[in-house]
Amino acid sequence: MNSVLRVDTADIRGQTSALRVAGDMDLATVSVLERTVDEVLSDHRTVILDLTGVTFCDSSGLNTLIRLRRRAQDTGGRLILAAPPPQMMRLLTITGTGSVFAIYGSLAEAWQTHPAPDAPPTA
(Lines give C-alpha, C1' and ligand atoms only; values in the text may rest on other atoms or scores of the structure.)
Protein backbone atom coordinates (compact mmCIF):
# COMPACT_ATOMS: atom_id res chain seq x y z
CA MET A 1 0.00 0.00 0.00
CA ASN A 2 1.36 3.41 -0.94
CA SER A 3 0.77 6.00 1.73
CA VAL A 4 0.08 9.55 0.63
CA LEU A 5 -0.09 12.69 2.71
CA ARG A 6 -1.00 16.12 1.37
CA VAL A 7 -0.39 19.33 3.29
CA ASP A 8 -1.77 22.55 1.80
CA THR A 9 -2.21 26.08 3.08
CA ALA A 10 -5.81 26.65 4.14
CA ASP A 11 -5.55 30.22 5.42
CA ILE A 12 -3.05 32.79 6.69
CA ARG A 13 -3.91 35.53 9.15
CA GLY A 14 -1.11 37.64 10.55
CA GLN A 15 1.39 35.37 12.32
CA THR A 16 -0.95 32.36 12.19
CA SER A 17 -1.12 29.88 9.34
CA ALA A 18 -3.66 27.09 8.93
CA LEU A 19 -2.64 23.98 7.03
CA ARG A 20 -5.02 21.37 5.62
CA VAL A 21 -3.68 17.82 6.16
CA ALA A 22 -5.13 14.88 4.20
CA GLY A 23 -4.19 11.24 3.89
CA ASP A 24 -2.23 8.79 6.02
CA MET A 25 0.13 10.06 8.74
CA ASP A 26 2.57 7.20 9.04
CA LEU A 27 6.30 6.47 8.89
CA ALA A 28 6.32 6.75 5.10
CA THR A 29 4.63 10.18 4.99
CA VAL A 30 5.30 12.20 8.14
CA SER A 31 8.40 13.82 6.66
CA VAL A 32 6.07 15.80 4.35
CA LEU A 33 4.18 17.18 7.36
CA GLU A 34 7.33 17.86 9.34
CA ARG A 35 9.07 19.68 6.47
CA THR A 36 6.00 21.78 5.65
CA VAL A 37 5.30 22.82 9.25
CA ASP A 38 8.99 23.63 9.80
CA GLU A 39 8.91 25.93 6.76
CA VAL A 40 5.72 27.62 7.94
CA LEU A 41 7.11 28.11 11.46
CA SER A 42 9.99 30.10 9.99
CA ASP A 43 7.46 32.79 8.98
CA HIS A 44 4.48 32.24 11.32
CA ARG A 45 4.46 31.77 15.07
CA THR A 46 1.32 29.67 15.24
CA VAL A 47 0.22 26.80 13.04
CA ILE A 48 -3.28 25.33 13.03
CA LEU A 49 -3.49 21.86 11.49
CA ASP A 50 -6.88 21.09 9.98
CA LEU A 51 -6.89 17.29 10.31
CA THR A 52 -10.32 16.69 8.80
CA GLY A 53 -8.85 14.78 5.87
CA VAL A 54 -6.52 12.49 7.85
CA THR A 55 -7.47 8.89 7.14
CA PHE A 56 -4.92 7.18 9.40
CA CYS A 57 -2.41 8.14 12.09
CA ASP A 58 0.10 5.78 13.69
CA SER A 59 2.74 6.35 16.37
CA SER A 60 5.02 8.01 13.79
CA GLY A 61 2.33 10.58 13.10
CA LEU A 62 1.75 11.15 16.80
CA ASN A 63 5.48 11.53 17.50
CA THR A 64 5.76 14.02 14.64
CA LEU A 65 2.93 16.11 16.10
CA ILE A 66 4.68 16.11 19.49
CA ARG A 67 8.00 17.19 17.93
CA LEU A 68 6.28 19.93 15.92
CA ARG A 69 4.48 21.18 19.03
CA ARG A 70 7.83 21.44 20.81
CA ARG A 71 9.41 23.31 17.86
CA ALA A 72 6.54 25.77 17.77
CA GLN A 73 6.87 26.37 21.51
CA ASP A 74 10.64 26.83 21.20
CA THR A 75 10.02 29.73 18.82
CA GLY A 76 7.32 31.27 21.02
CA GLY A 77 4.48 29.87 18.95
CA ARG A 78 1.84 27.18 19.13
CA LEU A 79 0.69 24.10 17.26
CA ILE A 80 -3.09 23.75 17.32
CA LEU A 81 -5.05 20.71 16.14
CA ALA A 82 -8.44 21.17 14.47
CA ALA A 83 -10.96 18.43 13.69
CA PRO A 84 -8.89 15.32 14.35
CA PRO A 85 -10.84 12.27 13.13
CA PRO A 86 -12.13 9.72 15.68
CA GLN A 87 -9.22 7.30 15.16
CA MET A 88 -6.71 10.06 15.84
CA MET A 89 -8.66 11.31 18.87
CA ARG A 90 -8.61 7.77 20.24
CA LEU A 91 -4.82 7.62 19.76
CA LEU A 92 -4.39 10.98 21.51
CA THR A 93 -6.67 9.86 24.35
CA ILE A 94 -5.19 6.42 25.05
CA THR A 95 -1.63 7.76 24.93
CA GLY A 96 -2.49 10.68 27.22
CA THR A 97 -1.09 13.16 24.71
CA GLY A 98 -4.41 14.81 23.94
CA SER A 99 -3.99 17.01 27.00
CA VAL A 100 -0.79 18.61 25.68
CA PHE A 101 -2.45 19.96 22.53
CA ALA A 102 -5.06 22.64 22.01
CA ILE A 103 -7.69 20.61 20.12
CA TYR A 104 -10.81 22.04 18.47
CA GLY A 105 -13.73 20.43 16.67
CA SER A 106 -13.27 22.45 13.48
CA LEU A 107 -10.93 24.90 11.80
CA ALA A 108 -13.53 27.65 12.27
CA GLU A 109 -13.63 26.95 16.02
CA ALA A 110 -9.82 27.08 16.21
CA TRP A 111 -9.78 30.46 14.42
CA GLN A 112 -12.55 31.77 16.64
CA THR A 113 -10.67 30.75 19.79
CA HIS A 114 -7.24 31.87 18.52
CA PRO A 115 -7.85 34.87 16.28
CA ALA A 116 -4.81 36.49 14.75
CA PRO A 117 -4.44 39.96 16.31
CA ASP A 118 -4.76 42.90 13.93
CA ALA A 119 -5.35 40.64 10.94
CA PRO A 120 -8.69 40.62 9.10
CA PRO A 121 -9.93 37.17 8.04
CA THR A 122 -9.00 36.03 4.57
CA ALA A 123 -11.02 33.55 2.58
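Where is T97 found? T97 sits in the loop between α3 and β5 (102-104). Despite that loop address, T97 counts as buried, because its relative accessibility is 13%, under the 20% cut-off. Setting aside neighbours within four places in sequence, T97 is in contact with L62, I66 and L92.

Before going further, a word on confidence. This is a predicted model, with an average pLDDT of 91 for the protein and 92% of the residues scoring at least 70. Strand β1 (residues 5-13) has the lowest confidence, with a mean of 92, while β4 has the highest, at 97.

**Helix α2 and what packs on it**

One of T97's contacts, L62, is also on the list of buried residues in α2, so that helix is a good next stop. Helix α2 covers residues 59-74, which makes 16 residues. From first C-alpha to last it reaches 22 Å, close to the 22 Å expected at 1.5 Å a residue.

Which residues of α2 are buried? They are S60, G61, L62, T64, L65, L68 and A72. Residues three or four places apart on an α-helix point the same way, because there are 3.6 residues a turn. The cover over the buried residues of α2 comes from several elements, including β2 (16-25), α1 (30-41), β3 (46-57), β4 (78-82) and α3 (86-95).

Both ends of the helix have something to look at. At the start of α2, a side-chain oxygen of D58 comes to within 2.9 Å of the backbone nitrogen of S60. After the helix comes G76, with a positive phi near 85 degrees.

**Charged pairs**

The count of salt bridges comes to 4. Side chains of opposite charge can pair when their charged atoms come close. Here are three pairs, with the distance between their closest N and O atoms.

| Pair | N to O distance |
|---|---|
| D11 and R13 | 2.8 Å |
| E34 and R71 | 2.7 Å |
| R71 and D38 | 3.1 Å |

Take E34 and R71, whose side chains meet in a salt bridge. E34 lies in helix α1 and R71 in helix α2, so the pair ties together parts that are 37 residues apart in sequence. E34 counts as buried because its relative accessibility is 14%, whereas R71, at 30%, counts as partly exposed.

R71 also forms a salt bridge with D38. That pair links distant parts of the chain too, with R71 in helix α2 and D38 in helix α1, 33 residues apart. D38 counts as partly exposed, because its relative accessibility is 31%. Which residues end up in one network? Salt bridges with shared partners join E34, D38, R67 and R71.

The pair of D11 and R13 is a salt bridge as well. Are its partners buried or exposed? D11 is buried, at 7% relative accessibility, and R13 is buried too, with a relative accessible area of 16%.

**The β1-β2 hairpin**

D11 is also among the contacts of S17, which brings us to the hairpin. Strands β1 and β2 run antiparallel and are joined by 8 bridges. One of the pairings puts I12 opposite S17 of β2 as its bridge partner. The hairpin has 2 residues between the strands, and G14 takes a positive phi near 60 degrees.

Q15 is in the loop between β1 and β2. Q15 counts as partly exposed because its relative accessibility is 43%. Neighbours within four places aside, Q15 is in contact with D43, H44, R45 and T46. The C-alpha atoms of Q15 and V47 are 8.7 Å apart, although 32 residues separate them along the chain.

What about S17, in strand β2? S17 counts as buried because its relative accessibility is 2%. Leaving out neighbours within four places in sequence, S17 is in contact with T9, D11, I12, V40, H44, T46, V47 and I48. H44 and T46 are on that list, and Q15 is in contact with H44 and T46 as well. In a regular strand the side chains alternate between the two faces of the sheet.

Note on methods:
Residues numbered from 1 in each chain as written. Predicted model: local features only at pLDDT ≥ 70, side-chain atom pairs only at ≥ 80, totals over all residues. Heavy atoms only, no water. Helix = DSSP H or I, 4+ residues; strand = E, 2+ residues; numbered from the N terminus. Expected span 1.5 Å × (residues − 1). Buried < 20%, exposed > 50% of the residue type's maximum accessible area, 1.4 Å probe, protein only. Contact = heavy atoms within 4.5 Å. Polar contact = N/O pair within 3.5 Å; in protein donor to acceptor, adjacent residues only side chain to side chain. pLDDT = per-residue confidence, 0-100. Pairing = 2+ DSSP bridges.
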